[in-house]
Amino acid sequence: MVKQNDSFITDAMLVKYYELSKKKKEIELEMNDLKDTFHDYFNKLVGPNNKAEVTINGYKLQRQMRKIEKYNEEVTVKRLEELQMTDLVQVVKKPDDAKIKSALQLGLLDEKNLEGCIVTSYSPAISVKTLTPR
């Protein structure tokens with residue numbers, strides 16, 4: 001048992017987290033298989049891009065369709081340029097990570113030149129593994 005700042009972590013908590021994590025993965029795989037089956041059923045029933053629903057023994061299964069439209073960037077920019085509507089095109093300037101790394105490796109750019117330019121962020125992740133096979 002580990003105590004820090006009035007919080008306790010016990011071996012039972014680690015075991016429970018580990019077991020729940022395994023169950024979660026199994027459940028997600030099983031749910032994804034069922035979703036695929038449901039989509040296949042609705043695809044055959046009403047087609048691939050249509051809403052549908054079926055009720056069986058008091059359970060209603062629904063498939064909703066979310067329509068997402070966006071412009072094909074390359075084709076749209078070309079068309080707008082042909083129409084001389086370039087003010088409808090964004091010009092986005094951003095650093096090219098790969099080229100910067102190459103320039104650093106080749107010595108064309110010194111890391112000192114980029115001081116204050118690098119933003120570092122962290123995201124915590126929890127992992128519990130068993131050290132003995134179960």
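In the predicted model, Glu-30 has a relative accessibility of 53% and therefore counts as exposed, the cut-off for this class being over 50%. Glu-30 is located in helix α1 and contributes to a negative surface patch, the other members of which are Glu-26, Asp-33, Asp-36 and Asp-40. The spacing of such residues may be read against helix geometry: an α-helix has 3.6 residues a turn, so residues three or four places apart point the same way.

Helix α1, which spans residues 11–46, also contains Leu-14. With a relative accessibility of 42%, Leu-14 is classed as partly exposed, because this value falls between the limits of 20% and 50%. Together with Ile-9 and Met-13, Leu-14 forms a nonpolar patch on the surface, and the accessible area of these residues together is about 270 Å².

A further exposed position is provided by Arg-66, whose relative accessibility is 74%. Arg-66 lies in the loop that connects β4 (59–63) with α2 (73–82). The C-alpha atoms of Arg-66 and Asn-49 are separated by 9.2 Å, the two residues being 17 residues apart in sequence.

Helix α3 comprises residues 97–106; of its 10 residues, one is buried, and the helix therefore lies largely in the open. At the start of α3, a side-chain oxygen of Asp-96 approaches the backbone nitrogen of Ala-98 to within 3.2 Å. Just beyond the other end, after α3, Gly-107 adopts a positive phi of about 80 degrees.

Key. Residues numbered from 1 in each chain as written. Predicted model: local features only at pLDDT ≥ 70, side-chain atom pairs only at ≥ 80, totals over all residues. Heavy atoms only, no water. Patch = residues over 30% accessible without salt bridge, like charges linked within 9 Å, V, L, I, M, F, W, Y side chains within 5 Å. Areas by Shrake-Rupley, 256 points an atom, 1.4 Å probe, with all protein chains shown as cover. Salt bridge = Lys/Arg side-chain N within 4 Å of Asp/Glu carboxyl O. Helix = DSSP H or I, 4+ residues; strand = E, 2+ residues; numbered from the N terminus. Buried < 20%, exposed > 50% of the residue type's maximum accessible area, 1.4 Å probe, protein only. Lys, Arg positive; Asp, Glu negative; His and termini not counted. Charge placed at Lys NZ, Arg CZ, Asp CG, Glu CD. Polar contact = N/O pair within 3.5 Å; in protein donor to acceptor, adjacent residues only side chain to side chain.
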